[in-house]
Amino acid sequence: QVQLVESGGGLVQAGGSLRLSCAASGRTFGSYYMGWFRRAPGKEREFVSGVDRSGGFTYYADSVKGRFTISRDNNKNTVYLQMNSLKPEDTAVYYCAAGWTMTPLGFDSWGQGTQVTVSS
């Protein structure tokens, strides 16, 4: 399995921006679909965004569409999540994931998570 390490979380005011990064170990990063999930207190895990192996196809949850942008750099073994126009309801622990399909159940390697807190 691939090892994943997220960074970039923090505290930001509503309307602000953050960029999450997820660095992957191993030589096969380009063979994985990559995704970002989040879990807010008291809520189920949500599949926020995903990107295919080449970066040419992306998925966004309706809750973040138009505000978040996922991208990947296969030369740097890194996937990013640019989060703009943040809202208090975006507050959650964000997890990077790697897998074999774009569906939520297709992800089987997980990072440790990074906290994002959006103040009103």
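User: How many salt bridges does the count come to in this structure?

Analyst: The count comes to 4 salt bridges. The model is a predicted one, and the values here are computed from it.

User: What makes the pair Glu-46 and Arg-38 a salt bridge?

Analyst: The rule asks for a side-chain nitrogen of Lys or Arg within 4 Å of a carboxyl oxygen of Asp or Glu. The side chains of Arg-38 and Glu-46 meet with N and O at 2.8 Å, so the pair satisfies that cut-off.

User: Are these two residues buried or exposed, or something in between?

Analyst: Buried means under 20% relative accessible area, and partly exposed begins where buried ends and runs up to 50%. Arg-38 has 6%, so it is buried. Glu-46 has 25%, and is therefore partly exposed.

User: Which residue forms a salt bridge with Arg-38 at 2.9 Å?

Analyst: That residue is Asp-90, whose closest N and O atoms with Arg-38 are 2.9 Å apart. Asp-90 lies in the loop between strand 8 (78-83) and strand 9, while Arg-38 is in strand 4 (residues 33-39), so the salt bridge ties together parts that are 52 residues apart in sequence. Asp-90 and Arg-38 are both buried.

User: How do you know that Arg-67 and Asp-90 form a salt bridge?

Analyst: Their side chains meet at 2.7 Å, N to O, and the limit is 4 Å, so the pair counts. This pair also links distant parts of the chain: Arg-67 sits in the loop between strand 6 and strand 7, Asp-90 in the loop between strand 8 and strand 9, and 23 residues separate them. Both Arg-67 and Asp-90 are buried.

User: What makes Arg-38, Glu-46, Arg-67 and Asp-90 one network?

Analyst: Their salt bridges share partners, and this joins the four residues into one network. Arg-38 meets Glu-46 and Asp-90, and Asp-90 also meets Arg-67.

User: Why is Arg-67 called buried?

Analyst: Its relative accessibility is 10%, and buried means under 20%, so the term applies. Leaving aside neighbours within four places in sequence, Arg-67 is in contact with several residues, among them Gln-82, Leu-86 and Asp-90. The side chain of Arg-67 also reaches the backbone oxygen of Ser-63 at 2.8 Å.

User: Why is Phe-57 called partly exposed?

Analyst: Phe-57 has 48% relative accessibility. Exposed means over 50% and buried under 20%, so a value in between is partly exposed. Phe-57 is found in the loop between strand 5 (46-51) and strand 6 (58-60).

User: Which residues is Phe-57 in contact with, leaving aside its neighbours within four places in sequence?

Analyst: They are Gly-50, Val-51, Asp-52 and Met-102. Met-102 is 45 residues from Phe-57 along the chain, and the C-alpha atoms of the two are separated by 9.6 Å. Contact is judged on heavy atoms within 4.5 Å.

User: How do you know that Cys-22 and Cys-96 form a disulfide?

Analyst: The sulfur atoms of Cys-22 and Cys-96 are 2.1 Å apart. The cut-off is 2.5 Å, so the pair qualifies. A search of the whole structure finds 1 disulfide. The pair links distant parts of the chain, with Cys-22 in strand 3 and Cys-96 in strand 9 (residues 92-99), 74 residues apart.

User: Why is the disulfide of Cys-22 and Cys-96 called left-handed?

Analyst: The torsion about its S-S bond is about -80 degrees, so the disulfide is left-handed. Cys-22 is buried, at 0% relative accessible area, and Cys-96 is buried at 0% too.

User: What makes strand 9 largely enclosed by the rest of the structure?

Analyst: Of the 8 residues of strand 9, 6 are buried, so the strand is largely enclosed.

User: Which residue in strand 9 is the bridge partner of Arg-38?

Analyst: Tyr-94 is the partner. Strand 4 and strand 9 pair in the antiparallel sense over 7 bridges. Strand 9 also pairs with strand 11 (residues 114-119) over 3 antiparallel bridges, where the partner of Tyr-94 is Thr-114.

User: Why are strand 1 (4-7) and strand 7 called edge strands?

Analyst: The sheet is open, with 4 strands in the order 1-3-8-7 and antiparallel pairing. Strand 1 and strand 7 each pair on one side only, which is what an edge strand does. Strand 1 is joined to strand 3 (residues 18-24) by 4 bridges, and Leu-4 stands opposite Ala-24 in strand 3.

How values were computed
Residues are numbered from 1 along each chain as its sequence is written. This is a predicted model: local features need pLDDT of at least 70, side-chain atom pairs count only at pLDDT 80 or more; totals for chains, interfaces and linings use all residues. Side-chain values use heavy atoms; hydrogens and water are left out. Helices (H or I, at least four residues) and strands (E, at least two) are DSSP runs, numbered from the N terminus. Buried means under 20% relative accessible area, exposed over 50%, partly exposed in between (1.4 Å probe, protein chains only). A polar contact is a pair of N or O atoms within 3.5 Å; within protein, one must be able to donate a hydrogen and the other to accept it, and residues adjacent in sequence count only if both atoms are side-chain atoms. Two strands pair if DSSP finds at least two bridges between them.
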